[in-house]
Amino acid sequence: MAKRRPRGRDLNGILLLDKVGGVSSNGALQMAKKMFAAAKAGHTGSLDPLATGMLPICFGEATKFSQFLLESDKSYRVTAKLGVTTETGDADGEVVNTTEVTASAAEIEDALMSFVGDIEQIPSMYSAIKHEGVPLYKLAREGKTVERKPRAVTIYDIRILRIEGDELEFEVDCSKGTYVRSLVEDTGEKLGCGGHVTVLRRLSAGPYPAEKMLTLEELGNIKAEGGFEAIDELLLPLSTSVADWPRVELGDNAAYYIQQGQPVMASDRPADGWVSVYEASSGKFLGVGEVLEDGRIAPRRLVSN
């Protein structure tokens, strides 16, 4: 009887991968999983193949908390070309229309800045949102178009870096679900000339800053010198995924019972909402919970012992 191949290492932690252009998020995930020989891994929200930058990879138990990073705020650096509209809203798509850009730099700035605040976006047909179980981009590639409902998103801040002729470069802080391609297309539409994204880089996701990102090439060099031990040390603890949440520390008894799936009382807690939960005596991260109406904390995602 043939021996079973090992399924990989049991590894727990979060890698801040700096995704390179030309690779899908799933492709980058699979390469990172292979690099670490990890048994289980998942990413926290797709980046277009054209896009680069922050793609947190969750290994092992960290996958339980990936949804919170998926739902977190993001920051991007964007370069857009006005006057040219493409099928996909970015440089990977076929050009469908070209229009002369007559707007001044001040008018371009005003158009873009008008989207700061709570807005509604209609997702692109080339987005990963599913329609009846099928990603929109697959339908688009088949030449199909379906009605998409507007989605409420928030643009917290836009910092314009450069406006030169028909090229616009800026940074944007935004809520989950924001489509930067749609932001650029809507700006171009407001100016009457259209536009598309030529360069897109995610700078941050949730609590994670750009400074801690590593490319697969950098990881490969570190692994070549120090092996698995060297790259394992680069993984961030699971607790960092909810570092900006209210923290609740439980005594030994309460910590025991919440790990058995039971709601527990805690003296130092917010009135409502989700919290990160720790064992007071050891400082161990137990997972996340939700404050119930009666003040108890109910476990929602727990780290396995």
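Biologist: What kind of crossing does H3 make where H3 passes H5?

Modeller: This is a predicted model, in which local features need pLDDT of at least 70, side-chain atom pairs count only at pLDDT 80 or more, and totals for chains, interfaces and linings use all residues. Residues are numbered from 1 along each chain as its sequence is written, and side-chain values use heavy atoms, with hydrogens and water left out. Helices (H or I, at least four residues) and strands (E, at least two) are DSSP runs numbered from the N terminus, and a crossing is left-handed if the near helix is turned anticlockwise from the far one by less than a right angle, right-handed if clockwise. By that rule, H3 passes H5 in a crossing that is right-handed.

Biologist: At roughly what angle do the axes of H3 and H5 cross?

Modeller: Axes are lines fitted to C-alpha atoms, for helices over the stretch in contact (heavy atoms within 4.5 Å), and angles run from 0 to 180 degrees between N-to-C directions. The axes of H3 (residues 105-113) and H5 (residues 180-191) come within 9 Å and cross at roughly 130 degrees.

Biologist: Is Asp48, listed by UniProt for "active site" in an unreviewed entry, buried or partly exposed?

Modeller: Asp48 lies in the loop between strand E2 (41-43) and strand E3 (52-59), and its contacts, leaving aside neighbours within four places in sequence, are Lys19, Val23, Asp90 and Arg181. The UniProt position is given in the numbering used here, under a shortened feature name, and such an annotation may be inferred rather than shown by experiment. Buried means under 20% relative accessible area, exposed over 50%, and partly exposed in between (1.4 Å probe, protein chains only), so Asp48, with 23%, is partly exposed.
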